[in-house]
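Thanks for coming. I'll go through one model this morning, starting with confidence and ending with a few individual residues.

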Amino acid sequence: MGQDLPIDDIIGRISKLASGLGISRNELKVYFLLLINGKMTAREISDRIGISYTKIYPVLSRLEGRGWIKRVGKKPAMFAANSLVDVWSTVKKNILESVEKIEKEVITPLSLLLSTQPSLYNIMLIPPDSVQMSFQQTLKEQSSIYYLAISFDELLTEEVIKLLEANAYKSDVKLILIKPREIPPIINFKITESMFGSGIITNRSIMLIVKSSENILYGLYSTHVYFIEIGKVYFNYLWERSGKQGNNA
């Protein structure tokens, strides 16, 4: 009875979506054939769906790699489909991982790069795994000022120091720290006893960074002029109150 199920109709409905995920029509045919009919040999699969015997093994190998099917028995080797629920769970997981990767590697950096109009109302929450990258990306913006207040040591990486040093030759760079640190002489910095969170201000953006009770960093990025101006006021307040232990202070 199972053999009469309309496999081609099922394939036709989902093939376009599947192709976007890198899943071929032949892979779908083989999987649903095994799902409906149970264990089969490569020869049986080849005969049933009209794929040559030499070409069926690459299809079976890809399906095994995806976790859609498994080998059962040895002589002759037979193949069986994993449950549809398990396969769909794997597909969903792969989709979510791909989306998160795109967001991390493409969307967030592009959002920072394309935020060129400071008058636009733009606020973006930066996820923990993108905070360091976004922080450095902000330092790469073209700006006449770079005001940084850093209370979390992990933000002041060697890469950040190099960017600050390069910017200091052409822009106004000011850095506030909560404890002394070896800083290149060209960077103007001061020390304060305490401050709320960390952050960076440029001509056209502001990024605020806070730490959760689990010691995880979160960021908030905006190109809104109002927030940038408020950030400057707070930074200048901290700068005036900070001690003059820093270079060139």
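This is a predicted model, and its average pLDDT is 84, with 88% of the residues scoring at least 70. Two stretches fall well outside that group. Over residues 1-5 the pLDDT stays under 50, and the model gives that stretch 5 contacts beyond four places in sequence. Residues 116-120 also stay under 50, here with 10 contacts beyond four places in sequence. Where pLDDT is low, the predicted coordinates should not be read in detail. I will leave both stretches there.

Now the overall numbers. The protein contains 8 helices and 10 strands. Of its 249 residues, 42% are buried. Taking contacts with a separation of 6 or more, 60% are between residues 24 or more positions apart. The accessible surface is about 14,400 Å², and carbon and sulfur atoms account for 56% of that.

Next, helix packing. Two packed helices are described by the angle between their axes and the distance between the axes. I have two pairs to show.

The first pair is H3, residues 42-49, and H4, residues 53-66. How are H3 and H4 oriented to each other? Their packing angle is about 105°, with the axes 9 Å apart. The range for roughly perpendicular is 65 to 115 degrees, so H3 and H4 are roughly perpendicular to each other. H3 contributes Ala42, Arg43, Ile45, Ser46 and Ile49 to the contact, and H4 contributes Tyr53, Ile56, Tyr57 and Leu60. Sorted by class, the residues of this contact are 7 nonpolar, 1 polar and 1 charged.

The second pair is H6, residues 131-139, and H7, residues 158-168. Here the angle is about 10° and the axes are 10 Å apart. Angles under 35 degrees count as roughly parallel, and H6 and H7 are therefore roughly parallel to each other. On the H6 side the contact uses Phe135, Gln136 and Leu139; on the H7 side it uses Glu159, Val160, Leu163, Leu164 and Asn167. That contact has 5 nonpolar, 2 polar and 1 charged residues.

Now to single residues. Leucine 156 sits in the loop between strand S5, residues 145-150, and H7. Is leucine 156 buried or exposed? Its relative accessibility is 5%, so leucine 156 counts as buried. Leaving out residues up to four places away in sequence, leucine 156 touches Ile150, Ile161, Leu164, Leu177, Arg181 and Ile183. Leu164 has come up already, as one of the H7 residues that meet H6. From leucine 156 to phenylalanine 135 the C-alpha separation is 9.9 Å, across 21 residues along the chain.

Proline 184 is also in a loop, between strand S6, residues 172-177, and strand S7, residues 188-191. With a relative accessible area of 15%, against a cut-off of 20%, proline 184 is buried. Its C-alpha lies 8.9 Å from that of lysine 162, and the two residues are 22 apart in sequence.

The last residue is asparagine 215, in the loop between strand S9, residues 206-211, and strand S10, residues 217-222. Most residues other than glycine have a negative phi, and most peptide bonds are trans. What is the phi of asparagine 215? The value is near 65°, which is positive, and the residue is not a glycine. Asparagine 215 has a relative accessible area of 58%, so it is exposed.

That is the end of the list, and I'll take questions.

Note on methods:
Residues are numbered from 1 along each chain as its sequence is written. This is a predicted model: local features need pLDDT of at least 70, side-chain atom pairs count only at pLDDT 80 or more; totals for chains, interfaces and linings use all residues. Side-chain values use heavy atoms; hydrogens and water are left out. Helices (H or I, at least four residues) and strands (E, at least two) are DSSP runs, numbered from the N terminus. Buried means under 20% relative accessible area, exposed over 50%, partly exposed in between (1.4 Å probe, protein chains only). Contact means heavy atoms within 4.5 Å. Accessible areas come from the Shrake-Rupley method with a 1.4 Å probe; for residues, only the protein chains shown count as cover. pLDDT is the predictor's confidence in each residue, from 0 to 100. Axes are lines fitted to C-alpha atoms, for helices over the stretch in contact, and angles run from 0 to 180 degrees between N-to-C directions. Angles under 35 degrees count as roughly parallel, over 145 as roughly antiparallel, 65 to 115 as roughly perpendicular and the rest as oblique. Ala, Val, Leu, Ile, Met, Phe, Trp, Tyr, Cys and Pro count as nonpolar, Asp, Glu, Lys and Arg as charged, and the others, Gly among them, as polar.
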